[in-house]
Amino acid sequence: MLLANIVASGEPVSISDAAITAVLGYVVVFVGLTMLMLVVMLMSKIMMSAAKKKTAEAPAAAAAAPAAPTAAPAPGTAGELKLYDTPDRDAAMIMAIVANKMGKPLNELRFKSIKEVK
């Protein structure tokens with residue numbers, strides 16, 4: 001008899017019925033976890049092979065396209081900085097605080113962008 005029918009009828013559940021129900025529950029959970037693990041491993045292999053293929057194509061594309069000459073930044077600068085909704089004064093303070101906390105001179109750090117989080 002199904003355990004749901006036994007419980008619905010109000011009769012007490014025997015230990016063997018409860019054990020069978022518990023074992024079946026564990027089996028279902030572990031089968032589900034195993035299937036999830038296999039899906040994750042399969043997706044990982046697919047992504048890794050796609051990444052390898054992409055890195056293999058990158059040097060060939062770079063060799064085919066000629067390199068554009070770029071002007072070297074001035075001494076003591078670390079390139080271009082993009083500010084998003086941040087005033088220059090606040091950006092300068094943020095860069096000074098980061099340099100101070102890291103214990104490095106400001107000209108050895110490179111900031112690519114600073115964005116205010118609202």
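A residue is called buried when its relative accessible area is under 20%, exposed when it is over 50%, and partly exposed in between, using a 1.4 Å probe and protein chains only. These words are used throughout this report on a predicted model, in which local features need pLDDT of at least 70, side-chain atom pairs count only at pLDDT 80 or more, and totals for chains, interfaces and linings use all residues. Residues are numbered from 1 along each chain as its sequence is written, and side-chain values use heavy atoms, with hydrogens and water left out.

**The chain as a whole**

The protein chain holds three helices and two strands. Helices (H or I, at least four residues) and strands (E, at least two) are DSSP runs, numbered from the N terminus. Read from the N terminus, the order of the elements is α-α-β-α-β. Of the 118 residues in the chain, 7% are buried.

The predictor's confidence in each residue is given as pLDDT, from 0 to 100. The chain averages a pLDDT of 81, and 75% of the residues score at least 70. Among the elements, helix H1 (residues 3–9) has the lowest mean pLDDT, 63, while H3 has the highest, 89.

Contact means heavy atoms within 4.5 Å. Among contacts between residues at least 6 apart in sequence, 52% join residues at least 24 apart.

**Helix H3**

Helix H3 covers residues 88–102, which is 15 residues. From its first C-alpha to its last it reaches 21 Å, close to the 21 Å expected at 1.5 Å a residue. The expected span is 1.5 Å times one less than the number of residues.

Ala91, Met95 and Ala99 are the buried residues of H3. Seen down the helix axis, they fall within an arc of 70°, so they line one face of H3. The arc is that of the directions from the helix axis to the C-beta atoms. An α-helix has 3.6 residues a turn, so residues three or four places apart point the same way. On the other side of H3, Arg89, Ile97, Asn100 and Lys101 are exposed.

The buried residues of H3 pack against strand E1 (82–84) and strand E2 (113–115). Just after the helix, Gly103 takes a positive phi of about 75°.

**The nonpolar core**

A nonpolar core is a set of buried Ala, Val, Leu, Ile, Met, Phe, Trp, Tyr and Cys residues joined through side-chain atoms within 4.5 Å. The largest one here has six residues: Ala91, Met95, Ala99, Leu109, Phe111 and Ile114. H3 supplies the largest share of this core, three residues. Leaving aside neighbours within four places in sequence, Phe111 is in contact with Glu80, Leu81, Met95, Val98 and Leu106.

**The loop between E1 and H3**

Asp85 is found in the loop between E1 and H3, and Thr86 is found there too. Asp85 is exposed, with a relative accessible area of 55%, whereas Thr86 counts as buried at 12%. Asp85 also has a positive phi of about 55°, although it is not a glycine. Most residues other than glycine have a negative phi.

A polar contact is a pair of N or O atoms within 3.5 Å; within protein, one must be able to donate a hydrogen and the other to accept it, and residues adjacent in sequence count only if both atoms are side-chain atoms. The table gives those of the Thr86 side chain.

| Side chain | Backbone partner | Distance |
|---|---|---|
| Thr86 | oxygen of Tyr84 | 3.0 Å |
| Thr86 | nitrogen of Glu116 | 3.4 Å |

Leaving aside neighbours within four places in sequence, Thr86 is in contact with Ala91, Ile114, Lys115 and Glu116. Thr86 and Ile114 are 28 residues apart along the chain, and their C-alpha atoms are separated by 7.1 Å.

Val117 lies in the segment after E2 and is exposed, with a relative accessible area of 77%. The C-alpha atoms of Val117 and Thr86, 31 residues apart along the chain, are separated by 9.5 Å.
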